[in-house]
Amino acid sequence: TDQVKPTLSHSFMKLLQDKNYLHRIYTQNVDTLENKIGISDNLLIQAHGSLNNAYCMKCNQYVDDVNEEFWDVIQSDKIPKCKKCDFILRPDVVFFGEGIKSKFHDFREGDFKDCDLLIVAGTTLYVFPFAGLVNDTPLLSPRLLFNNELVGCFKNVSSKYNYRDVASVGDIDNGFFKLAQLLGWESELNDIYSKINGK
């Protein structure tokens, strides 16, 4: 996962955190890009887990150093084994047919009933229960989509009955950049993006 770098969109999330506007990020991605950009663990719900950790499939013992005990072993074409019981380690991600992480359920109700602006980005809104989160916000809370196509409830964004949904369709990074410009945050966003990507 070291080859993949956070995008400008991730940088916008970090900027929201730095300005104390970010309440929580819910993600289905396991790529750890929110971690790499510096999003605090207490503001992050990784519903499908993360490649930042691994554990034993037998005794459930977590590794102390995921790179050394798991990824480096895999890179050397070996099977990573538990230090405690010598059984096979697996990444701490949710595979097809497994339940999502409990943290998702622990925070969902409280987070969404208090949501005063929902930002949705880079999704198909097909997979439940994640796709249903957009409907958990209060009826007067605005919902903002950044995506390459209209999805879910945002397909009705041009309806005369729409009073809260806005969509930026096209390149997601460009959409977040335009929002930063409108907010007067362009230079701060560029600083975060440049720092994380070494530019």
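Start with the whole chain selected and its contacts drawn: of those with a separation of 6 or more, 55% join residues that lie 24 or more positions apart. Keep in mind as you look around that this is a predicted model.

Next, switch to a cartoon view and colour by secondary structure. You should find 6 helices and 7 strands. Walking from the N terminus, the order of elements reads α-β-α-β-β-α-β-α-β-β-β-α-α. Align the view to the principal axes, and the C-alpha atoms fit a box of roughly 60 × 40 × 30 Å.

Now turn on the surface. The chain exposes about 11800 Å², and carbon and sulfur atoms account for 51% of that area. Colour by burial instead, and 40% of the 199 residues come up as buried.

For the charges, select Lys and Arg in one colour and Asp and Glu in another. That gives 22 positive and 27 negative charges, whose mean positions sit 3 Å apart.

Finally, zoom in on a helix pair: select residues 8–18 for helix α1 and residues 172–183 for helix α5. Their axes are 8 Å apart and cross at an angle of about 35°. Which residues of α1 meet α5? Show side chains for Leu8, Ser9 and Phe12, the α1 part of this contact. On the α5 side, add Ile172, Asp173, Phe176, Phe177, Leu179, Ala180 and Leu183. Coloured by type, the residues of this α1–α5 contact split into 8 nonpolar, 1 polar and 1 charged.

Terms used: Residues are numbered from 1 along each chain as its sequence is written. This is a predicted model: local features need pLDDT of at least 70, side-chain atom pairs count only at pLDDT 80 or more; totals for chains, interfaces and linings use all residues. Side-chain values use heavy atoms; hydrogens and water are left out. Helices (H or I, at least four residues) and strands (E, at least two) are DSSP runs, numbered from the N terminus. Buried means under 20% relative accessible area, exposed over 50%, partly exposed in between (1.4 Å probe, protein chains only). Contact means heavy atoms within 4.5 Å. Accessible areas come from the Shrake-Rupley method with a 1.4 Å probe; for residues, only the protein chains shown count as cover. The place of a charge is taken as NZ of Lys, CZ of Arg, CG of Asp or CD of Glu. Axes are lines fitted to C-alpha atoms, for helices over the stretch in contact, and angles run from 0 to 180 degrees between N-to-C directions. Ala, Val, Leu, Ile, Met, Phe, Trp, Tyr, Cys and Pro count as nonpolar, Asp, Glu, Lys and Arg as charged, and the others, Gly among them, as polar.
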